[in-house]
Amino acid sequence: MQFKEIVGQAGIKQRLLNSVTENRVSHAQLFLGPEGSGSLALAVAYAQYLSCEDKQPDDSCGVCSSCRKYNKLMHPDLHFSYPFFAKHKDDTALTFIEQWREAFLGNPYMNLDTWRGYLDAENKQANINIAECHQIIKKLSFKPFESAYKILILWLPEYLDKEGNALLKIIEEPQPNTLFILVAQNQDQILNTILSRTQLVKVPCLHSQEVKQYLIAEHNQTEDAASEIAYLTNGNLTEALTMLQLDTKSYHELFVQWLRLCFSNKGLEVLSFVDSFAKMGRENQKNFLRYGISFIRECCLLMAGAGNLVHLPAKELETAQKMTNVLDLSKAQYISTELEKAHYHVERNANPKILFLDVSLQIIKILNLKTIPAGSQYIPN
Ligand SMILES: [Zn+2]
């Protein structure tokens, strides 16, 4: 993995490069970034750079013997640790290294759900067990074989139980030329004892614009489709890549059509709409609802006179402006609450037909009868 393969994050890349050229590489670092920011990819690119035999000013060379091994994640001085589902008490991350290489090389932006898909996991709890902690200590007690550094990348230290304390000594006083790179998403779920012993590298969320450009350049998306996905996923590239695989029928048209039907209270057409929702699949339903929530939020901004904060593509902005004729702030708020509740229930496997019919009826009530879904109370204007 080279820096140039990673989307955005120019500031972090420069900071990491500087730490090497200025010879101040800390032996224990915590890359902390939200899902889809690329923090794991950055950790691997950084490790590759440190080991590269022909470092360029802004990246590893990509072709030396070390880089070639890194490209396959098969360098003898590169180690990984990550949550897994132990079938036997002696299972360690090494048991699943083949799956790990396949998963990361397939998608360096993977999340725990993606990783779970590579393991025969069922509903078991992922963690980094004590056997793995002992394995880490053992691996790091050897000198590097080929490179200047021996590097361990530990993905999601949030899943280290109290057993993680077994690692404290080795994090604090590692062997010479040994580096520990932790890659985490939630600072408050990491053992404090570990947190206090690492240097923090904060990886920010990507800008929607960067995600959009990437989708256009690397995934042949049209300007409109890329804008919509980038907007919906709010800079989370992991989620954007997942959405690419879904049915890309425009959520915007679908959502506006649905609201129109509810507004004109056309029962039969609403019913056939509900049928088509039910066939969409759960991920698609969730994305659709999330789109609806975001769109209503933008309408609220328009109504509140904060049009300068609205960042919808031109066509959608036009519809949003029309929509403000039939909506007011309180109606919008109630619709949004209904959509959020529906999202919650989709996640919990509610029957989609019953659910979407119910939401439609509630929206009809809100738009036409001006009553709050609970029933009797009028929506104040
Ligand atoms: Zn190289």
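The following exchange concerns a predicted model of a single chain and its largest pocket.

Modeller: In this predicted model, local features need pLDDT of at least 70 and side-chain atom pairs count only at pLDDT 80 or more, while totals for chains, interfaces and linings use all residues. Residues are numbered from 1 along each chain as its sequence is written, and side-chain values use heavy atoms, with hydrogens and water left out.

Biologist: What makes a space a pocket and not a cavity?

Modeller: On a 1 Å grid over the protein atoms alone, a cavity is a set of points where a 1.4 Å probe fits but cannot get out, whereas a pocket is an open set with protein on both sides within 12 Å along at least five of seven lines. The largest pocket here holds about 400 Å³, a volume being the space filled by probe spheres set on points joined across faces, edges and corners.

Biologist: Which residues are closest to the centre of the largest pocket, and what makes a residue part of a lining?

Modeller: Lining residues have an atom within 4 Å of a point. Of the 20 that line the largest pocket, N111, T238, E239, T242 and E283 are the closest to its centre.

Biologist: Which helix gives the most to this lining?

Modeller: Helix 11 does, with 5 residues; helices are DSSP runs of H or I, at least four residues, numbered from the N terminus.

Biologist: How do you know how much of the chain is buried?

Modeller: Buried means under 20% relative accessible area, with a 1.4 Å probe and protein chains only. By that cut-off, 52% of the 381 residues count as buried.

Key
Helices (H or I, at least four residues) and strands (E, at least two) are DSSP runs, numbered from the N terminus. Buried means under 20% relative accessible area, exposed over 50%, partly exposed in between (1.4 Å probe, protein chains only).
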